[in-house]
Amino acid sequence: LTLLLAFVTTLAGWARVHGRARLGVAALAVVAFVLLCRAEPSVLRAAAMATVALASLGSGPRAGGGLRNLSLAVIGLCWVDPWGFALSVTACLGILLWARRWAAVMSRWAPGWVAEAACVPLAAQLATQPLVTALSGTVSLAGLGANVLAGPFVGPVTILGLVTAALGWVSPGLARPFGWLAGGGAEPILQVA
């Protein structure tokens, strides 16, 4: 969903939609995502965390805006399901606290997209590892490597898959080429898995 929001807000920027209107377009994209993917628990978790991200974007450069919005989301989510969102919340917390700083350091010697592809999953994994260990009793070192290898394919596959799903409502024939491209991009992810 974060990738979808990045795609939609980029398109909105190209269409000269700015400020609160751009946030409104992104909020509509979240609603469309939930409707398209159905309100399954994982979809609702993604929507909740995307709403946190949107609220953080709307809070401007004030210090702690992301953390404050995440805290408000946690309070709200505890009413819905106190345990169902624990991994999503801790992953967002890790990304908020560590990913940007780590990527800035890494981008001194690596391309920016490589730094982000490595630092975002690392921050999320380190933040969630205590919960994962408590639930599974293990610590996986392969998970980070798998995320880094699969990461570059996730964005294009996600966008192509969502374009396929949206066009499928209008015309399956128009959707078919995008579906083939998404399937081809998913193959490397399956190989990593």
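Hi everyone, this is a short walk through one protein chain, from its overall build down to one helix.

Please keep in mind that we are looking at a predicted model.

Let's start with the whole chain. What does its secondary structure come to? The count is eight helices and zero strands. If you follow the chain from the N terminus, the elements simply read α-α-α-α-α-α-α-α.

How about the overall dimensions? Along the principal axes, the C-alpha atoms fill a box of roughly 45 × 40 × 40 Å. The chain has 193 residues, and for that number a compact globule would have a radius of gyration near 16 Å. The chain comes out at 17 Å, so the value agrees with that of a compact globule.

Now to the contacts. Take those with a separation of 6 or more: 52% of them are between residues 24 or more positions apart.

And what about inside and outside? Of the 193 residues, 31% count as buried. The chain exposes about 12,000 Å², and 72% of that area is supplied by carbon and sulfur atoms.

That brings me to a spot on the surface that I'd like you to find on your screens. Leu67, Leu93, Leu96 and Leu97 form a nonpolar patch there. Together these four leucines have about 280 Å² of accessible area. Which helix gives the most to the patch? That is helix α5, residues 86-106, with three residues. Leu97 is found in this helix. Its relative accessible area is 31%, which means that Leu97 counts as partly exposed, and a patch residue needs over 30%.

Let's stay on helix α5, right next to the topic of aromatic rings. How many aromatic pairs does a search of the whole structure find? The search finds one. The partners are Trp98 and Trp102, with ring centres 5.5 Å apart and planes at 10°. Planes under 30 degrees apart count as stacked, so this pair of tryptophans is stacked.

Where do the two tryptophans sit in the chain? Both Trp98 and Trp102 lie in helix α5, four residues apart, and that spacing is about one turn of the helix.

Are these tryptophans buried or exposed, or something in between? Trp98 has a relative accessible area of 29%, so it is partly exposed. Trp102, at 28%, is partly exposed too.

So, if you take one element home, let it be helix α5: it gives three residues to the nonpolar patch, and it holds both Trp98 and Trp102. Thanks for listening!

Definitions and conventions
Residues numbered from 1 in each chain as written. Predicted model: local features only at pLDDT ≥ 70, side-chain atom pairs only at ≥ 80, totals over all residues. Heavy atoms only, no water. Patch = residues over 30% accessible without salt bridge, like charges linked within 9 Å, V, L, I, M, F, W, Y side chains within 5 Å. Areas by Shrake-Rupley, 256 points an atom, 1.4 Å probe, with all protein chains shown as cover. Salt bridge = Lys/Arg side-chain N within 4 Å of Asp/Glu carboxyl O. Buried < 20%, exposed > 50% of the residue type's maximum accessible area, 1.4 Å probe, protein only. Phe/Tyr/Trp six-rings, centres within 6.5 Å; stacked < 30°, edge-to-face > 60°. Rg over C-alpha atoms; globule rule 2.2 N^0.38 Å. Contact = heavy atoms within 4.5 Å.
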